[in-house]
Amino acid sequence: MKHLFFLLVPLFLLGETTFITPIEYASQLYKNPRGIGCQHCHGNKGEGKIIANYIDKKVEKSFGGPVINKLDFQKFYTALNVRKQGMPRYFLTDREIQALYLYLHPTEIKSNKKELSKQKQSVQNVK
Ligand code: HEC
């Protein structure tokens, strides 16, 4: 009987793992945001990425997504709410944008607990 108890406990704990942490959620959203994943153009951590090099009128050029893990929230939020050349238009909610920002700037937020309320403030300013 005692053994059965110990067998049931891990099963119960397994059920708990269906809840994901905010960082896991943000990471999944970044890679699968109701459209092409951000990492294809901006790299896994938003470090920027070159997708193609090409020659245009004899001048070497490259196409890719810029670095997006060192932006302030205002700039990040605005970029996702306007038309950007070379980037698909996403229709993300404010919370989704906040989650993505958190994913790309984790240390900034950890070191400054007021960051989230500051973010909410700047969302209001953009609107
Ligand atoms: C098909 C490639 C592509 C995908 C996918 C893409 N982007 Fe971009 N993104 C770009 C390009 C190219 C630019 C630069 C546009 C410009 O300079 O006007 C850009 C610009 C940005 C900027 C503004 C950067 C700045 O310095 O102002 C942000 C923020 C951004 N992207 C976030 C995202 C997020 C978040 C996702 C996923 C939801 C995403 N992008 C998906 C190509 C892409």
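Me: Which helices and strands each supply at least two residues of the shell around the ligand?
Reply: Helices (H or I, at least four residues) and strands (E, at least two) are DSSP runs, numbered from the N terminus. Here helix H3 (39-42), strand S2 (59-65) and helix H4 (73-79) each supply at least two shell residues. H4 gives the largest share, 3 residues. This is a predicted model: local features need pLDDT of at least 70, side-chain atom pairs count only at pLDDT 80 or more, and totals for chains, interfaces and linings use all residues. Residues are numbered from 1 along each chain as its sequence is written, and side-chain values use heavy atoms, leaving out hydrogens and water.

Me: How many residues surround the ligand, and which are the closest?
Reply: A residue is near if one of its heavy atoms lies within 4 Å. The ligand has 22 such residues around it. Cys 38, Cys 41, His 42, Met 87 and Tyr 90 are the closest. For His 42 there is also a polar contact (N or O atoms within 3.5 Å). A nitrogen atom of the ligand lies 2.8 Å from an N or O atom in the His 42 side chain.

Me: How does the shell divide into nonpolar, polar and charged residues?
Reply: Ala, Val, Leu, Ile, Met, Phe, Trp, Tyr, Cys and Pro count as nonpolar, Asp, Glu, Lys and Arg as charged, the others as polar. The shell has 15 nonpolar, 5 polar and 2 charged residues.

Me: What space does the ligand take?
Reply: On a 1 Å grid over the protein atoms alone, a cavity holds points where a 1.4 Å probe fits but cannot get out; a pocket is open, with protein on both sides within 12 Å along at least five of seven lines, and lining residues have an atom within 4 Å of a point. A molecule sits in one if more than half of its atoms lie within 2 Å of its grid points. The ligand takes the largest pocket. About 480 Å³ of space lies there, a volume being the space filled by probe spheres set on the points.

Me: Which residues of the pocket lining lie nearest its centre?
Reply: They are His 42, Pro 66, Ile 68, Lys 84 and Met 87, out of 26 lining residues. H4 gives the most to this lining, 4 residues. By class, the lining has 17 nonpolar, 7 polar and 2 charged residues.

Me: In which sense do S1 and S2 pair?
Reply: Strands pair if DSSP finds at least two bridges between them. S1 (residues 49-56) and S2 are antiparallel, over 7 bridges. Asn 53 stands opposite Ser 62, and Ile 55 has Glu 60 as its bridge partner. The hairpin has 2 residues between the strands, and Lys 57 takes a positive phi near 50 degrees.

Conventions: A polar contact is a pair of N or O atoms within 3.5 Å; within protein, one must be able to donate a hydrogen and the other to accept it, and residues adjacent in sequence count only if both atoms are side-chain atoms.
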